[in-house]
Amino acid sequence: MNGFNEITIDRVASSILTLLGVEKGEGMAEAIEELLALGRCDRVVMYNPDAVAEWIYEAHRDMFSPLLEEIDLNLEMKSMVPPVTPVCFASMYTGLLPSKHGIEKYEKPVLKVKTAFDILRENGRKVAIVSTEGDSISKIFLERDLDYFIYRTKDECNRKALELIDEDRYDLLVLYNGDYDWAMHRFSPEGKRSLRALGENVETYMELKKAIEERWKGHRTALAFAPDHGCHRAYGILGSHGKEIPMDMNIRHFWSIIGERDA
């Protein structure tokens, strides 16, 4: 891996809006053409596993086999600088560079700029965020007219996301899982506990897809596996991220389109 991918994660926000038939906000990065080519949807589900690097995907592609058989789009993506969680998710959901949205280091203030969530609410759409407490997604998007479901554990978050799919109320549902990031910092990116968490991330995506197929038959849904940044080995046995290097910057986003396009 010698260079950087080209499609930056700040283009996700306007892609979500355009998929849902809503005009992007002023100053937002342009939508991703390859994604829009799959057609409009009336629902989007964003699954955000933390720190899943492209090089991890390449080294352990067998773990992604069930997912790869189900997706419609496999995108090489590039993170933000610095590649740390609050900076990256702020860009992913505002469509802005860090210098524009205001989070330029590892800190978790409430964003004051407009997000894709705000624009959807202005257009009458319903939005829910499901996250573990204390993590970036549970903090930087607070104080908005949307529904928050914040829990102590990943398992509680995943159960709630499936419940919300059953309830069939939200146009955009965001689910964050930080277990791979937690494990790789402590046991290295390819440690046993880290790879177990990675496998669980893939399983969660598949569970979400199955639930959407069964419960949202009347909708056309875009489901994303969309990490924020990558990671690298540090100090021999630990994992880290935050450097402007391909291991930390290059990631993959996977998209499934569930449901038929309108005739």
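Why does Leu 238 count as partly exposed? Leu 238 has 31% relative accessibility, and partly exposed lies between buried (under 20% relative accessible area) and exposed (over 50%), with a 1.4 Å probe and protein chains only. This is a predicted model, in which local features need pLDDT of at least 70 and side-chain atom pairs count only at pLDDT 80 or more, while totals for chains, interfaces and linings use all residues. Residues are numbered from 1 along each chain as its sequence is written, and side-chain values use heavy atoms, with hydrogens and water left out.

**Around Leu 238**
- Leu 238 belongs to strand 9; strands (E, at least two residues) and helices (H or I, at least four) are DSSP runs numbered from the N terminus.
- Tyr 235, Ile 237 and Leu 238 form a nonpolar surface patch of about 380 Å².

**Helix 10**
- In helix 10 (residues 179-187), the buried residues are Asp 179, Tyr 180, Asp 181, Ala 183 and Met 184.
- Their cover includes strand 9 (238-240), strand 6 (172-177) and helix 11 (192-215).
- Ser 188, just after helix 10, has a positive phi of about 80 degrees.

**Sheet**
- Eight strands make an open sheet with mixed pairing, in the order 1-3-10-7-2-6-4-5; two strands pair if DSSP finds at least two bridges between them.
- Strand 1 (7-8) and strand 5 (147-151) are at the edges with a single partner strand each, so one side of each lacks a neighbour in the sheet.
- Strand 3 (residues 73-78) pairs with strand 10 (residues 250-258) in the antiparallel sense over six bridges.
- Leu 73 has Trp 255 of strand 10 as its bridge partner.

Definitions and conventions: Contact means heavy atoms within 4.5 Å. Patches are made of residues with over 30% relative accessible area and no salt bridge: like charges are joined within 9 Å, nonpolar side chains (Val, Leu, Ile, Met, Phe, Trp, Tyr) within 5 Å. Accessible areas come from the Shrake-Rupley method with a 1.4 Å probe; for residues, only the protein chains shown count as cover. A salt bridge is a side-chain nitrogen of Lys or Arg within 4 Å of a carboxyl oxygen of Asp or Glu.
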